[in-house]
Amino acid sequence: MKKGDSESKNDTHEPVKFLMTDPSLKNLFDRIAQNNSHQKSIKDNTERYPTGKITVRINTEHGDTSVSFSDMQVFYDKDSGSFGLISSENGFSFNGSLTENQNEPLKTDDAVDAHYLNEKSWKKYFDAIFQASEKIYLSQNVEEVGLAIGECFKELFYHEAYQIYWVDDNREFLVPVFSDKTFKKNEMVSNYKISVKNGIIGKIFRTKKPIICNDVKNHPDVYYLPNEKPIDESMIGAPLIINNKATGVIVFLKRGLNQFNSDDLQLLTIISRQAAIAMENARLLEKERKSREIAERASKFKSEFLANMSHEIRTPMNAVIGLTELLLDTELNEEQHDFLSTIKESAYGLLTLINDILDFSKIEAGKLDLTKEEFDVRTMVETTIEGLAHKADEKGLELAVFIDPEIPSNLIGDPGRLRQILTNLVSNAIKFTHKGEIVVQAKLNKLTSDKVDILFSVRDTGIGIPKSKAKVIFDEFIQADGSTTRKYGGTGLGLSISKKLTEMMGGNIWVESESGKGSTFYFNVVLKPGAIKPRQSLLDIEEIHNLHILIIDDNRTNRFILTQILQNWNFRPVSCDNGHKGIELLKSAQKANDPFPVVLLDMQMPGIDGEETARRILNDPEINGTNIIVLTSLGQRGDVSRLKDLGCKAYLVKPVKQSHLFNTIVNVLQQHKEDTPPCEGQFITAHTIEEQIRNGVRILLAEDNLINQKVATKILEKKNYSVDVVNNGKEALKAALRQHYDIILMDVQMPVMDGFEAAQKLRNKFAGKKHIPIIAMTAHAMKGDKEKCLAAGMDDYISKPIKPDDLYKLLEKWIKKIR
């Protein structure tokens with residue numbers, strides 16, 4: 001290769017044309033046409049006459065300048081109605097120099113007042129720059145920028161070929177920027193890369209100096225590839241320089257000898273500087289664009305892959321967990337029960353792992369969103385810890401919870417993500433603690449009219465964390481000690497995800513720890529205060545006996561599990577495997593006067609999916625009275641609001657807890673029974689059910705012993721009572737003054753303020769108001785202790801150790817009285 005790339009679009013020399021509308025030019029044309037009619041010629045719809053030598057006066061901002069041309073033609077352009085001057089086919093030449101205020105006398109008949117518009121004109125140069133800038137702005141890559149530069153400067157050099165080279169990363173070869181598709185080979189340039197050590201172009205790059213060569217084939221530095229035929233041609237070239245470093249070369253070529261002069265080279269030098277900047281910007285933008293596109297494609301592929309894998313894994317897991325729970329409800333020996341419990345725990349562990357990976361993927365893609373829903377923070381904390389209590393029990397650990405009575409019960413935020421943070425921290429505490437205790441606390445940081453800042457802490461007596469590792473543990477895939485991954489397991493994603501979630505909720509997360517002395521993880525979140533929800537009563541089981549329910553699910557195992565569960569509740573389930581059959585069954589049941597009040601509808605199905613099936617059912621007047629509960633193995637953000645707007649009544653994610661499913665069905669029917677308008681009915685989710693289970697009677701437990709707190713709380717929650725726990729009489733007084741409790745269970749012997757004093761103060765504070773039963777819980781079982789409690793203002797008495805059945809009977813007695 002010797003010089004360049006890309007061919008010129010003109011194979012022959014195009015004469016220089018001056019198109020003007022000055023009246024004097026018309027006068028010139030008329031005079032010459034009249035005197036030289038025999039020399040008339042027609043070309044390109046223009047009438048032409050030779051003028052010989054002619055002098056043109058040029059108006060500049062500094063004065064008038066005159067230039068003489070030889071071998072010119074005057075013409076009339078019939079298409080535009082304009083007159084002009086054009087050089088002969090042999091080109092044009094200057095017979096005078098371009099100087100300001102030239103005093104050479106002009107022949108009036110041959111002079112024309114006009115703006116100088118030839119290739120030496122700065123006006124044409126700036127026009128070309130403007131055109132190139134416009135095209136560069138619209139260009140998408142380096143190749144388009146190169147074309148814009150080459151084509152826009154065509155009118156300046158009248159070149160027949162040009163090429164732009166960019167040096168490769170190793171600075172060994174100059175590579176043409178034009179692709180094979182764009183480049184059209186001719187004998188003047190080719191599309192091969194050139195060594196920086198060879199030829200005229202290599203010399204331009206090495207020396208960083210522009211070159212004018214009006215006889216290429218005889219130049220000492222010329223370098224031809226095999227089979228290249230030397231021709232008479234001229235070339236000018238300049239280096240592309242960025243920060244005094246050569247990055248490429250730009251060249252223009254013309255047929256014939258002596259086609260370029262020093263003015264051309266000076267102009268190209270200016271052009272090359274601007275071209276270098278434009279090319280470098282285009283290269284960097286293209287590199288960034290490609291990197292971004294690759295990253296976006298990779299992120300999209302990863303998200304789609306993980307979502308699909310999540311769906312594929314959750315479907316068989318649903319069968320594993322569902323069938324295992326059914327088997328656990330049958331008669332089993334101790335070994336069988338232990339095996340099945342292990343299978344169930346492993347399945348839930350795998351589900352947690354999948355959720356962590358999906359969340360990490362969403363964080364990387366910037367698609368992790370938070371919901372805004374009203375929830376009971378006490379219910380959220382209690383149920384979270386309840387789900388982890390058995391793991392602590394297995395290791396002989398004490399697990400205690402304290403929730404600041406100052407925290408409002410109902411808040412607005414994302415309870416699912418808040419639960420996720422707590423679950424991760426408490427699970428880690430259990431994992432890394434072998435003896436002692438784990439204490440979970442929630443305290444009110446700050447309360448305003450529109451914000452509730454809550455500080456959570458999880459303290460353990462485990463192995464601790466070295467101070468040098470206290471920050472890095474919140475990075476992805478990091479644990480305090482690499483060996484702990486092998487010993488304890490885990491992905492190292494939990495704390496990283498928790499950190500991101502707390503930041504999204506307006507808070508932060510940190511740890512205080514010392515090796516061998518345990519750890520305390522802190523995090524705070526900023527939520528919004530919510531309204532107090534009205535209590536809802538549930539239907540009696542007798543009212544839904546023999547309930548007719550339709551199951552629409554393409555998975556055979558899912559249909560079997562749901563059928564077995566519903567039959568155990570004395571319902572009448574009917575199942576089918578697609579939406580079309582489901583709609584037919586609904587219509588048949590309606591005609592038989594035995595309709596399905598409830599449909600359990602799978603979301604992911606072939607053919608028509610669950611959402612489309614629901615839409616068809618709800619748009620059909622014949623069957624739109626049924627209540628649709630959507631079950632999905634692939635919960636997505638936005639599903640809840642979309643399905644609610646569609647008219648569905650509830651949404652649960654598989655694997656579905658049996659208690660959640662039962663309470664969802666009951667709640668849906670309760671709303672239907674009360675004729676709740678569709679727009680006002682509550683859309684039921686798993687969190688709604690968790691909250692409602694504990695709505696109703698709210699109990700305040702005042703107990704200083706953590707073990708006794710845990711025992712009493714478990715006994716009460718087993719019967720779905722909502723419980724708040726305080727540590728002494730003073731806290732009990734403060735909590736009862738802050739919000740209403742139906743019953744107060746009061747330990748007698750407590751620090752700070754004992755139960756007797758607390759009961760007396762409560763009676764004084766609530767004198768004349770609604771009576772709140774206070775039941776003494778005490779280890780004092782001697783004669784006279786009960787009377788002492790009653791004298792202090794308490795209503796009843798139960799001795800420790802507490803028998804659950806005795807406590808339940810006592811509570812039922814007082815609940816009937818207050819209601």
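A residue counts as exposed when its relative accessible area is over 50%, and as buried when that area is under 20%; anything in between is partly exposed. The model discussed here is predicted.

Q: Why is Val752 called exposed?
A: Its relative accessible area is 66%. The cut-off for exposed is over 50%. Val752 is therefore exposed.

Q: Where is Val752, and what is its phi?
A: Val752 sits in the loop between β27 (743-747) and α20 (755-765). Its phi is positive, about 70 degrees, although Val752 is not a glycine. Most residues other than glycine have a negative phi.

Q: Why is Asn570 called partly exposed?
A: Its relative accessible area is 44%. Partly exposed covers values between the 20% and 50% limits, so Asn570 is partly exposed. Asn570 belongs to the loop between α12 (556-568) and β21 (572-576). Its phi is also positive, near 65 degrees.

Q: What makes the pair of Trp569 and Phe662 edge-to-face?
A: The ring centres are 5.2 Å apart and the planes stand at 75 degrees. Pairing needs centres within 6.5 Å, and edge-to-face needs planes over 60 degrees apart. Both conditions are met, so the pair is edge-to-face. Trp569 is in the loop between α12 and β21, while Phe662 is in helix α16 (residues 658-673), 93 residues apart.

Q: Are Trp569 and Phe662 buried or partly exposed?
A: Trp569 has a relative accessible area of 17%, so it is buried. Phe662 has 21%, so it is partly exposed. The dividing value is 20%.

Q: How many aromatic pairs are there?
A: The count is eight. One of them joins Tyr162 and Phe252.

Q: Why is the pair of Tyr162 and Phe252 called tilted?
A: The planes are 35 degrees apart, with 6.2 Å from centre to centre. Stacked would need under 30 degrees and edge-to-face over 60; the rest are tilted, so this pair is tilted. The pair links strand β7 (residues 161-167), which holds Tyr162, to strand β12 (residues 245-255), which holds Phe252.

Q: How do you know that Tyr162 and Phe252 are buried?
A: Tyr162 has a relative accessible area of 1%. Phe252 has 0%. The limit is under 20%, so both are buried.

Q: What makes Lys193 count as sitting over the ring of Phe173?
A: The charged end of Lys193 is 4.3 Å from the ring centre. The distance limit is 6 Å, with an angle limit of 35 degrees from the ring normal. Lys254 lies over the face of Phe260 too, at 5.5 Å from the ring centre.

Q: Why is Ser195 called buried?
A: Its relative accessibility is 17%. The limit is under 20%, so Ser195 counts as buried. Ser195 lies in strand β9 (residues 194-195). Beyond four places in sequence, Ser195 touches Glu172, Phe173 and Gly202.

Q: How do you know that the buried residues of α14 share a side?
A: In helix α14 (residues 610-618), the buried residues are Gly610, Glu611, Thr613, Ala614, Ile617 and Leu618. They cover an arc of only 160 degrees around the axis, so they are on the same side of α14. They pack against β20 (548-552), α13 (579-591), β22 (598-602), β23 (627-632) and α15 (639-646).

Q: How many disulfides are there?
A: Zero. A disulfide needs two cysteine sulfur atoms within 2.5 Å. Cysteines do occur: Cys213 is buried, at 3% relative accessible area, and Cys789 is buried, at 2%.

Notes:
Residues numbered from 1 in each chain as written. Predicted model: local features only at pLDDT ≥ 70, side-chain atom pairs only at ≥ 80, totals over all residues. Heavy atoms only, no water. Buried < 20%, exposed > 50% of the residue type's maximum accessible area, 1.4 Å probe, protein only. Helix = DSSP H or I, 4+ residues; strand = E, 2+ residues; numbered from the N terminus. Arc of directions from axis to C-beta. Contact = heavy atoms within 4.5 Å. Phe/Tyr/Trp six-rings, centres within 6.5 Å; stacked < 30°, edge-to-face > 60°.
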